[in-house]
Each structure stands twice: as C-alpha cells, then as structure tokens.
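Colleague: Please take me through one part of this model in detail. I would like the helix packing, residue by residue, and then the loops that lead into it.

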Amino acid sequence: MATTMSSLIIDDGNTAVLEPVEEALQAQGRLRDKFGRAITDLRVSVTDRCNYKCVYCRTGNEGAQYTELPIADYLRMVRLFVSLGVEKVRLTGGEPLLRSGLVEMVRELAAMRTAYLPNGTFVGETGYEIGQRGLPLDIALTTNGHLLEGLAQPLKDAGLNRVTVSMDAVDAETFAAITRVPRSFDKVMAGIRKAQDVGLGPVKVNCVLLRGFNDTQIEQFAEFSRREGVIVRFIEWMPLEEDRTWKRETVISMDEIVERLNAYRPLVELAPHVASETAKRFTFDDGVGEIGIIAPVSRPFCGHCSRVRLTSDGKIRTCLFSQSDHDLYGQMVRGGTDAELAAYIRKIVMHKEARHHIGEPGFEKPSRNMVHIGG
C-alpha cells in the first residue's frame with residue numbers, strides 16, 4: 001500500500017498499522033521519544049557482511065542474511081535524521097570497510113550540517129538564508145581494523161572524524177582464536193597505528209570480555225592503552241550472539257574490571273563528555289592511558305539513551321534489544337516524500353523502549369543478532 005498524506009504505515013515487524021499522518025507532519029522541534037530523550041546519534045550499518053567470525057558474535061556457519069542498499073539511499077535516510085536533530089553518525093556493519101563506495105559516503109556526510117545550533121536554535125534549510133549554518137556532523141566508524149591500514153588516509157581525507165576498532169586480545173594467539181582468522185592480529189595493529197598517524201585518533205579500541213576466554217587480557221590492555229596512546233574500552237558481553245549461548249556468569253562486570261585495574265595501577269575516574277555517553281571513563285594515577293567500561297548488563301545506561309539504528313536493509317531499530325524492526329526503506333520505495341518519511345521517523349521514535357531487560361525474568365533476546373543490527 002502506498003503511503004499517502006492522510007496515513008502512514010507503522011510496521012512493527014509483525015503487523016502493519018495505518019496511523020494518521022497529519023499530527024506527525026505538524027510536529028516541531030528536535031526528534032524526541034515519549035520519555036523526552038533527544039535523539040542525536042544515528043548508527044548506520046552499511047553491510048551485513050563480515051570478514052571475521054568472532055566467537056562471541058557469530059557461529060562461523062552463517063553468512064550475511066540481509067541485503068545492502070545503494071549508498072544514495074542510506075544518504076537520503078541520514079539526511080532525514082539530520083533534519084530532525086541527529087548530530088553524530090557512526091558507520092557500522094558487519095564490517096563497513098568491505099563496502100564499496102564507503103569513502104564517497106563519508107565525503108557526502110561531511111558536507112551535511114546539523115539542523116540545530118548548540119544553543120538549540122533551529123536553522124535547517126532556512127539557516128542558509130539568514131546567514132546561519134549548522135555544524136558539521138560528527139562522523140565515526142566502527143571496524144574490525146583488518147582493512148584499515150589502506151583506507152585510513154582516504155577516509156580521513158573524505159571527512160571521517162574518529163574510528164573505533166573492535167579488538168578482543170593484545171596477543172596474536174588469543175586474537176586469532178577469537179576471530180578465527182589466522183595472522184589477523186598484525187593487520188589490525190597496522191590499521192590502528194595508521195589511523196593514529198593520519199589523525200583519526202585517539203583511536204578507541206573495544207574489547208568484549210568473556211570469562212575463561214580472554215579475561216586474562218585486562219591488565220595487558222591497560223598497558224596497551226598506555227603504550228599505544230589509544231582509549232581502551234571494555235564491554236560487558238550482551239545476549240546478542242548468533243548461537244544464543246549467553247550466560248550471565250560468563251559476563252565480567254564493571255566492578256570486577258575496576259578491581260583488576262586498580263590492582264594493576266590505581267584508577268582515577270574521569271567526568272563524562274555528555275550525559276548520554278555509554279562508557280564510564282578512567283585514567284591511571286599518573287594520567288597516562290584511558291580506560292572506558294561499557295556495562296549494559298551490570299550498570300544499564302538506558303535513561304540517557306540518545307541513539308537509534310539503521311540496519312543494512314533500511315530498518316529502524318530503536319534499541320539493540322528491540323523485538324521488531326521498522327521499515328523506513330519500505331516507506332521510501334513506496335514513494336514517501338521527505339515530509340512523510342520524517343513523520344514516519346517521528347512516529348517510530350515515539351515508541352522507543354524505556355530500557356532493556358537483560359537478566360530479568362521473561363527477558364527475550366532481540367529479533368536480530370548484533371552482527372545483523374550494526375554496532
């Protein structure tokens with residue numbers, strides 16, 4: 001059914017419901033959910049493919065399951081979100097460096113400007129007429145780093161601001177056991193150092209910890225942060241893996257990580273950059289190195305969540321643990337105008353979940369695994 005100016009389709013993944021569009025079309029101001037949280041961060045998966053088979057993420061038997069869209073379609077969707085108040089765009093996958101046209105996409109994103117000034121003034125399209133322009137987007141990318149050495153400079157030249165590398169060990173043997181890709185460690189290290197060299201630093205290095213698998217790496221990562229000048233972020237393992245084997249006892253909590261790090265060298269807590277920041281930040285007593293701990297299991301941070309996600313096939317996900325997708329791309333191909341698509345986004349975001357329910361009775365794992373959502 002085509003979208004019209006009198007109704008729009010709200011698709012919760014199971015049913016499609018027609019809702020009046022006029023109210024959403026008339027909505028003003030920054031994009032917010034029903035809890036008043038401003039949505040300023042958009043994570044866009046540009047591919048479902050990955051060249052790694054990390055044990056906490058994939059079975060190793062499944063490949064890509066969802067389609068990729070033309071780069072131009074991702075850019076149109078991003079522009080809509082930017083017009084509603086998004087300021088930060090993170091490109092993810094799968095592995096985004098596998099995607100052809102990625103450098104050109106970054107260049108197009110770098111030409112966009114925010115619709116709101118820091119003081120809240122809306123400029124949008126009319127800003128150009130009154131001499132005011134929004135700020136450049138904050139453009140980041142999350143990668144496994146395998147192809148980063150050759151792409152760091154082109155991405156920086158195109159306008160990429162920051163890069164995060166997923167890296168779950170700092171010794172080659174453990175790293176290869178996790179990724180199931182032989183001789184991968186040296187390529188990732190070369191990518192991290194190249195990214196630092198071209199000005200994409202300080203590079204953030206994300207490590208997902210699993211008890212009995214790579215928890216021996218905590219102190220080694222602390223030393224790695226101090227030696228390489230990267231920000232190491234430890235992430236509690238979440239129930240988002242492909243083979244559905246998550247157990248709470250395998251999770252290494254924030255408290256345990258802090259205890260281990262304090263035994264290595266005393267920590268000093270750092271203030272958050274923004275309220276919606278996912279990581280609790282620390283440095284060491286001599287100010288060398290930075291550690292972040294992202295603790296969605298033991299210390300949920302949902303109350304300040306500012307994020308939504310676009311999957312590689314153009315679905316909106318309002319939470320990593322959503323039970324449904326919302327088909328923005330479907331609205332596009334049915335001929336939705338920019339105004340209608342913006343109204344659709346507003347309607348969907350109003351249904352954003354208050355929080356996840358990891359570890360609670362009745363918890364249901366999300367309808368997609370992490371690799372098929374985008375990190």
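Modeller: **The packed helices and their loops**

Met-105 sits in helix α3. The model is a predicted one, and this residue is a good place to enter it. Met-105 has a relative accessible area of 0%, so it counts as buried, the cut-off being under 20%. Leaving out residues up to four places away in sequence, Met-105 touches Val-44, Val-46, Ile-71, Tyr-74, Leu-75 and Leu-91. Met-105 also has a long-range partner to note in Ala-158. The two are 53 residues apart in sequence, but their C-alpha atoms are 8.6 Å apart in space.

Ala-158 leads to the next helix. It belongs to the α4 side of the contact between α3 and α4. Two packed helices are described by an angle between their axes and a distance between those axes. Helix α3 covers residues 102-111 and helix α4 covers residues 148-158. Their axes are 8 Å apart and meet at an angle of about 25°. Angles under 35 degrees count as roughly parallel, so α3 and α4 are roughly parallel to each other. The crossing of α3 past α4 is right-handed. On the α3 side, the contact uses Leu-102, Val-103, Val-106, Arg-107 and Ala-110. On the α4 side, it uses Leu-151, Pro-154, Leu-155 and Ala-158. By class, that contact holds 8 nonpolar residues, no polar ones and 1 charged one. Arginine counts as charged, and Arg-107 is among the α3 residues of the contact.

Now follow α4 to its other partner here. Helix α6 spans residues 185-198. α4 and α6 pack at about 20°, and their axes are 8 Å apart. With the cut-off at under 35 degrees, this pair is therefore also roughly parallel. The crossing of α4 and α6 is right-handed. From α4 come Leu-148, Glu-149, Ala-152, Gln-153 and Lys-156. From α6 come Ala-190, Gly-191, Ile-192, Lys-194, Ala-195 and Val-198. The class count for α4 with α6 is 6 nonpolar, 2 polar and 3 charged residues. Set that beside the α3 contact, with its 8 nonpolar, no polar and 1 charged.

Next, the loops. Start before α3. Gly-94 is in the loop between β4 (88-92) and α3. The peptide bond from Gly-93 to Gly-94 is cis, with omega near 20°. Then look past α6. Pro-202 lies in the loop between α6 and β7 (204-209). The peptide bond from Gly-201 to Pro-202 is cis too, with omega near 0°. If you set up restraints, these are the two omega values listed here.

The loop between α5 (172-179) and α6 holds Arg-180. Arg-183 is in the loop between α5 and α6 as well. Phi of Arg-180 is near 60°, a positive value in a residue other than glycine. Phi of Arg-183 is near 55°, again positive and again not in a glycine. Their accessibilities fall in separate classes. Arg-180 has a relative accessible area of 36%, between the cut-offs of 20% and 50%, so it is partly exposed. Arg-183 has 74%, over the 50% cut-off, so it is exposed.

One more helix residue can be set against Met-105. Tyr-329 lies in helix α9 (residues 328-333). Its relative accessibility is 22%, so Tyr-329 counts as partly exposed. Met-105, at 0%, is buried. Tyr-329 touches Leu-69, Asp-73, Met-77, Asp-313 and Gly-314, with residues up to four places away in sequence left out. Tyr-329 and Arg-76 are 253 residues apart in sequence, and C-alpha to C-alpha they are 10.0 Å apart.

Finally, the setting for all this. The chain has 10 helices and 14 strands. Of its 375 residues, 54% are buried. Take the contacts in the chain with a separation of 6 or more: 71% of them join residues 24 or more positions apart. The accessible surface of the chain is about 15900 Å², and 51% of that belongs to carbon and sulfur atoms.

Conventions
Residues are numbered from 1 along each chain as its sequence is written. This is a predicted model: local features need pLDDT of at least 70, side-chain atom pairs count only at pLDDT 80 or more; totals for chains, interfaces and linings use all residues. Side-chain values use heavy atoms; hydrogens and water are left out. Axes are lines fitted to C-alpha atoms, for helices over the stretch in contact, and angles run from 0 to 180 degrees between N-to-C directions. Helices (H or I, at least four residues) and strands (E, at least two) are DSSP runs, numbered from the N terminus. Angles under 35 degrees count as roughly parallel, over 145 as roughly antiparallel, 65 to 115 as roughly perpendicular and the rest as oblique. A crossing is left-handed if the near helix is turned anticlockwise from the far one by less than a right angle, and right-handed if clockwise. Contact means heavy atoms within 4.5 Å. Buried means under 20% relative accessible area, exposed over 50%, partly exposed in between (1.4 Å probe, protein chains only). Accessible areas come from the Shrake-Rupley method with a 1.4 Å probe; for residues, only the protein chains shown count as cover.
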